[in-house]
Amino acid sequence: MLTGPAILVFLTFVIVPVVMAAYYGFFRWKGFGPPTDFAGLQNYTSILTDPTFHDAVRHNAVIVVLSLVIQGPVAILFALLMNQKIRGRSVIRVLIFVPYVISEVIVGTGWALMMSDTGALNTLLGRIGLENLQHSWLADPSIAMGTLMLILTWKYVGFAVILMLAGLQSIPEELYEAAAIDGASFWQQQFRITLPLLGPTIRIWAFLSMIGALQLFDLVNIIWGQYVAATAGTSTMATYMYLNGHLAGNYGFGSAVAVVLFLISLVVALVYQRFVLRRDTEGALTGDSGRKGRKK
Amino acid sequence: MSTSTVSAAPRQAAPYELRPTRKLAWGSPVTYLVAVVLIGACLGPVAYIVLGGFRTNSQITEDPAGLPSPWVVSNYTDVLASSDFWVAMGNSTISAVATTVGAVVLGVMASFVIARYDFVGKGAMYSLFAAGLMFPMTVAITPLYLMVRTLGLTNSLAGVVLPQIAFALPVTVIILVPFLRAIPAELEEAASIDGASRLGFFWRMVVPLSMPGVITVGILAFINAWNNYMLPLFILSDPGTFTLPLGVANFASQYSVDTARVLAFTSLSMVPALIFFSLFEKRIVGGLTGAIKG
């Protein structure tokens, strides 16, 4: 009885829409009245043969990989430094978390102004005599992805650092003392002790980062808008869905995009869980209720 | 959701507090240099937004990267005097508070049953919520919009709040079930001997004892609702119902030539999130890392 309301809300707004997406995806449908114009797999073939969708998928893939490659090492290095017992540690920890707390909309609005052609960055570069480094950071398709990665790193690296710090705190100090007695250098200690023991934290962070990168929408939509994103080379599957499904009023097509997006995320999640996460979280994502070894 | 519950803190101390703090030494200068650079990089763009609000448009055009000279407060006072800002602030507050209360109340009730009673379909119920973790809002947004429209809830905050509650439930249940399971059965027996009903036990024992977990999930639900952009973008088209993220985006495109005012609006809409964060900083950091480390 107590579970009734929760189940009802959950089914209505999560499960039913997801199931309906699979159903609507087979129709040409403008979203009015019941869908009747059955189109079979036509929506899916249109999506999978659309070059702009291929671009979006490629952008998502680049964002996934670059997020891992850039943020991971940076976060681990910063966490190692911040993990030393220095004064002001707690203040530092709070301050590097600030970008994570601010919404993507605010981040996007502020950064868009800073990075515009006549914005603060280009002016600063000009003033210190680096005019040749001035660029059209947002509009130039060869640079825009780099700009996006810069902003994403700025926003999310603090979160990664906090996670890594929490992971570092759980490594027993005795290990380092023993290693030091055995004559291991600082870097040997980091590679032989820290990295292996930080493994579970890194793997979970990487998982969250990948799933987030696949769903990326807010930042791109705010900075580039729904039309410019494609030409600037920063469109994602989610912005493609918003533009071609919602704004165009093609709800059958939009649902089909959602299904494709979901399947891609699901495959990534399952493969990652099967091959990487397995030893850390036995069945956490497949809904196994037997998470007995849960530490709190 | 109040600060009076802080007394229940020791149950779930953040991981980095487990080790007793020793007297800290001054570290090497390199460490401090890196720390200062890192903090500068983190706060620079925020400072740009805040300081830019204190400048005039001609100051910004002449020198986009300069400091305010002279300092102008009219952008901020204009925004504070505008109804756009306060309407969006009010809507965001309603949306985030209602989502938090809804997710916590429904989540605690469901988790309580799953954690403490044996019944047919219990495993399936848990799996159902856990499966919800696999469906980010992005995936469901198109049919979700249609569902909300069918229910006649577009352009109403209820159309945003109910889905937000639904999408907050998986994390809530996953975090709360172990908390509730950890309450010893003897407590329940003792309570029933003393004449407490199941519901009485629930309200008098379970809710207070699980408070640390409840606060964590409440904070997660609040932040997600407060920062949510995609769902309101689909559901709300009437400016009178806009939440802050929509308000900022709308203001930025409406006054795109008035950069200073956009910056003032943007920095004012950061303030609530930053206050909320500074109040609950330990819990947010601990909750996020705890929830992830599982």
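Me: Where is B:Asn155 found in chain B?
Reply: Keep in mind that this is a predicted model. Phi of B:Asn155 is positive, though the residue isn't a glycine. As for its place, B:Asn155 sits in the loop between helix 6 (137-150) and helix 7 of chain B.

Me: What is the phi of B:Asn155 near?
Reply: Most residues other than glycine have a negative phi. B:Asn155 goes the other way, with a positive value near 60 degrees.

Me: Is B:Asn155 buried, exposed or partly exposed?
Reply: Buried would need under 20% relative accessible area, and exposed over 50%. B:Asn155 has 30%, so the label is partly exposed.

Me: How many helices and strands does chain B have?
Reply: Read along its sequence, chain B goes α-α-α-α-α-α-α-α-α-α-α-α-α. That makes the count 13 helices and zero strands.

Me: What share of the residues of chain B count as buried?
Reply: Chain B still exposes about 12,400 Å², with carbon and sulfur atoms supplying 67% of that area. Take contacts between residues at least 6 apart in sequence: in chain B, 73% of them join residues at least 24 apart. Of the 294 residues of chain B, the buried share is 56%.

Me: Which residues is B:Ala166 in contact with, leaving aside its neighbours within four places in sequence?
Reply: Start with where B:Ala166 lies, which is helix 7 (residues 158-181) of chain B. It counts as buried because its relative accessibility is 0%. Setting those sequence neighbours aside, B:Ala166 is in contact with A:Val9, A:Phe10, A:Phe13 and A:Val14.

Me: What distance separates the C-alpha atoms of B:Ala166 and B:Ala103?
Reply: Along the chain, B:Ala166 and B:Ala103 are 63 residues apart. In space, their C-alpha atoms are separated by 7.4 Å.

Me: How many salt bridges are there between chain A and chain B?
Reply: The contact takes in 90 residues from chain A and 93 residues from chain B. Together the two chains bury about 8,600 Å², and 77% of that is on carbon and sulfur atoms. Five residue pairs make polar contact across the interface, both residues being at pLDDT 80 or more. For salt bridges, the count is zero.

Me: Which helix supplies the largest share of the side of chain A that touches chain B?
Reply: That side of chain A divides into 60 nonpolar, 19 polar and eleven charged residues. The largest share, 16 residues, comes from helix 1 (residues 4-24) of chain A.

Me: What do the buried residues of helix 7 of chain A pack against?
Reply: Helix 7 (residues 120-127) of chain A has A:Ala120, A:Asn122 and A:Leu125 as its buried residues. After this helix comes A:Gly129, with a positive phi near 75 degrees. The buried residues pack against helix 6 (104-115) of chain A together with helix 1 (29-52) of chain B.

Me: Is A:Asn43 buried or exposed?
Reply: A:Asn43 lies in helix 2 (residues 42-49) of chain A. Leaving aside neighbours within four places in sequence, A:Asn43 has contacts that include A:Tyr24, A:Phe27 and A:Phe253. The cut-off for buried is under 20% relative accessible area. A:Asn43 comes in at 6%, so the word is buried.

Note on methods. Residues are numbered from 1 along each chain as its sequence is written. Chains are lettered from A and ligands numbered from 1 in the order in which they are written. This is a predicted model: local features need pLDDT of at least 70, side-chain atom pairs count only at pLDDT 80 or more; totals for chains, interfaces and linings use all residues. Side-chain values use heavy atoms; hydrogens and water are left out. Helices (H or I, at least four residues) and strands (E, at least two) are DSSP runs, numbered from the N terminus. Buried means under 20% relative accessible area, exposed over 50%, partly exposed in between (1.4 Å probe, protein chains only). Contact means heavy atoms within 4.5 Å. Accessible areas come from the Shrake-Rupley method with a 1.4 Å probe; for residues, only the protein chains shown count as cover. Buried area is the accessible area (1.4 Å probe) that two parts lose on being put together, summed over both. A salt bridge is a side-chain nitrogen of Lys or Arg within 4 Å of a carboxyl oxygen of Asp or Glu. A polar contact is a pair of N or O atoms within 3.5 Å; within protein, one must be able to donate a hydrogen and the other to accept it, and residues adjacent in sequence count only if both atoms are side-chain atoms. Ala, Val, Leu, Ile, Met, Phe, Trp, Tyr, Cys and Pro count as nonpolar, Asp, Glu, Lys and Arg as charged, and the others, Gly among them, as polar.
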